[in-house]
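Colleague: Please give me a close look at one part of this model: the pockets and what stands around them. Take it step by step, and keep it plain.

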Amino acid sequence: EAPLRDHIVLVGHGRVGSVVAYALSQAEIPYVVIEQDRALVERLREEGVHAIFGDATRALVRDQAHCTTARLLIVTTPDPFQARHIIKKAREQRPDLPTIVRTHTEQERRFLKSQDVGRVVMGEQEMAYGIAHYALM
């Protein structure tokens, strides 16, 4: 298998990751999913999605996703410690890898920003922006 290049590595295909994956597929942007639910990975593969079963904190799993040649790493896992670890390990392999990470608290958002992880998205804040935008329209 030839290495992927200029693709997006999407960690997690749950409530958030599946929406991101749908948007990427609609825009015809190549992506690879890393997911810890084996049944979900098998279903994604049946649908033609490049999906890898495993823990994204492990180098072998990230290597299978070709993180070193990716254009972006998106971490949608709700566990803040796992998200931190995934980004730390990915950046050890490739320090300039752009990242987007999901978070749930302002404290975690501030911490992640202090670590220069890239874009930090806090769900409740984004939802509030969406509601405010709709209200103003």
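Modeller: A pocket here is an open set of grid points where a 1.4 Å probe fits, with protein on both sides within 12 Å along at least five of seven lines, and a residue counts as lining if one of its atoms is within 4 Å of a point. The model is predicted.

Start with the largest pocket, which holds about 280 Å³ of space. Its lining is made up of 16 residues, and V16, T76, R102, V121 and G123 are the ones nearest the centre. Two or more lining residues come from each of helix 1 (15–26), strand 4 (72–75), strand 5 (99–103), strand 6 (119–122) and helix 6 (123–136). Strand 5 contributes the most, with four residues. By class, the lining has eight nonpolar, four polar and four charged residues.

The second largest pocket has a volume of about 220 Å³. Around it are 20 lining residues, and nearest its centre lie G12, H13, E35, T77 and P78. At least two lining residues each come from helix 1, strand 2 (31–35) and helix 4 (80–93). Helix 1 has the largest share here, at three residues. Seven of the lining residues are nonpolar, nine are polar and four are charged.

Strand 2 deserves a closer look. Five of its five residues are buried, so strand 2 is largely enclosed by the rest of the structure. In a regular strand, side chains alternate between the two faces of the sheet. On one side of strand 2 are Y31, V33 and E35, on the other V32 and I34, and both faces are covered. E35 is thus named twice: among the residues nearest the centre of the second largest pocket, and among the buried residues of strand 2.

What pairs with strand 2? Strand 1 (residues 8–11) does so in the parallel sense, over four bridges, with V9 opposite V32. Between these two strands the chain passes through helix 1, in a right-handed β-α-β crossover. Helix 1 is also one of the elements that give two or more residues to the lining of the largest pocket. Strand 3 (residues 51–53) is also parallel to strand 2, and that pairing has three bridges. In this pairing V33 stands opposite A51. From strand 2 the chain reaches strand 3 by way of helix 2 (residues 38–46), and this β-α-β crossover is right-handed.

Technical notes
Residues are numbered from 1 along each chain as its sequence is written. This is a predicted model: local features need pLDDT of at least 70, side-chain atom pairs count only at pLDDT 80 or more; totals for chains, interfaces and linings use all residues. Side-chain values use heavy atoms; hydrogens and water are left out. On a 1 Å grid over the protein atoms alone, a cavity is a set of points where a 1.4 Å probe fits but cannot get out, and a pocket is an open set with protein on both sides within 12 Å along at least five of seven lines; lining residues have an atom within 4 Å of a point. Grid points are joined across faces, edges and corners, and a volume is the space filled by probe spheres set on the points. Ala, Val, Leu, Ile, Met, Phe, Trp, Tyr, Cys and Pro count as nonpolar, Asp, Glu, Lys and Arg as charged, and the others, Gly among them, as polar. Buried means under 20% relative accessible area, exposed over 50%, partly exposed in between (1.4 Å probe, protein chains only). Two strands pair if DSSP finds at least two bridges between them. A crossover is right-handed if, with the strands pointing away from the viewer, the path from the first strand over the helix to the second runs clockwise.
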